[in-house]
Amino acid sequence: MDALSNSKDSAVGPDDIHYQMRKHLHSETRSTLLSILNEIWIAGNFPCSWCESHVVPIQKPRKHTINPANYRPIALTSCVCKIMECMINNRLVWYLEKNKIITRAQSGFRKGRSTTDQLARLESFVREAFIQKQHVTAIFFNLGKGYDTT
């Protein structure tokens, strides 16, 4: 239910299933879907269609339309696959949080935490070092063309 209710409307992928369709499923249909997803998980045999996506080029703001590098590729994948991804992610995050496996310093992709937390932490380190007449070293990574790299 969490995976179904927390999803946002977006464009359909190769399965042509709209998000509004899955949000309004009858309880018996939701149970059937859950059974199917459990069977897929247990068998470890994911449908080939889940490996497909429709890639749509979205123009970057204030960039010329002529240059292909001025477009950001958006991959539209199977709606049902995203449901399962959400279920797995929720369970994995729950397990990692419950067992304190994720370091407290990790802020990205965690509920109730953001980039702002890390900026505040960095500022605190800098202020403390300044007071104690010490140095702070920071390394920042920017993965250019992250989609291509992935």
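Okay, let's start with a cysteine: Cys 48 has 64% relative accessibility, so it counts as exposed. Keep in mind that this is a predicted model. Does Cys 48 have a partner? Well, what is the closest cysteine sulfur to the one in Cys 48? That would be the sulfur of Cys 51, and at 6.4 Å it's too far for a bond. In fact, the structure holds zero disulfides. Cys 86 is in none either, and its nearest cysteine sulfur, the one in Cys 79, sits 11 Å away. Cys 86 has 23% relative accessibility, so we call this one partly exposed.

Now, the inside. The largest nonpolar core has 10 residues, including Leu 33, Leu 37, Trp 50, Val 80 and Cys 81. Which helices each supply at least two of them? Those are H1 (2–5), H3 (27–43) and H4 (79–98). H4 gives the largest share, four residues.

Have a look at Trp 50 while you're there. Setting aside neighbours within four places in sequence, Trp 50 is in contact with Leu 37, Ile 40, Ser 78, Val 80, Cys 81 and Met 84.

How about confidence? The chain's mean pLDDT is 85, with 94% of residues at 70 or more. Among the elements, helix H5 (residues 115–131) has the highest mean, 92, and helix H6 (residues 146–149) the lowest, 63. Where pLDDT is low, the predicted coordinates shouldn't be read in detail.

Last stop, H5. With 17 residues at 1.5 Å each, H5 should span 24 Å, and its end C-alpha atoms are 25 Å apart, so that agrees. After H5 comes Lys 133, with a positive phi near 55 degrees.

Note on methods:
Residues are numbered from 1 along each chain as its sequence is written. This is a predicted model: local features need pLDDT of at least 70, side-chain atom pairs count only at pLDDT 80 or more; totals for chains, interfaces and linings use all residues. Side-chain values use heavy atoms; hydrogens and water are left out. pLDDT is the predictor's confidence in each residue, from 0 to 100. Helices (H or I, at least four residues) and strands (E, at least two) are DSSP runs, numbered from the N terminus. The expected span of a helix is 1.5 Å times one less than its number of residues. A nonpolar core is a set of buried Ala, Val, Leu, Ile, Met, Phe, Trp, Tyr and Cys residues joined through side-chain atoms within 4.5 Å. Buried means under 20% relative accessible area, exposed over 50%, partly exposed in between (1.4 Å probe, protein chains only). Contact means heavy atoms within 4.5 Å. A disulfide is a pair of cysteine sulfur atoms within 2.5 Å.
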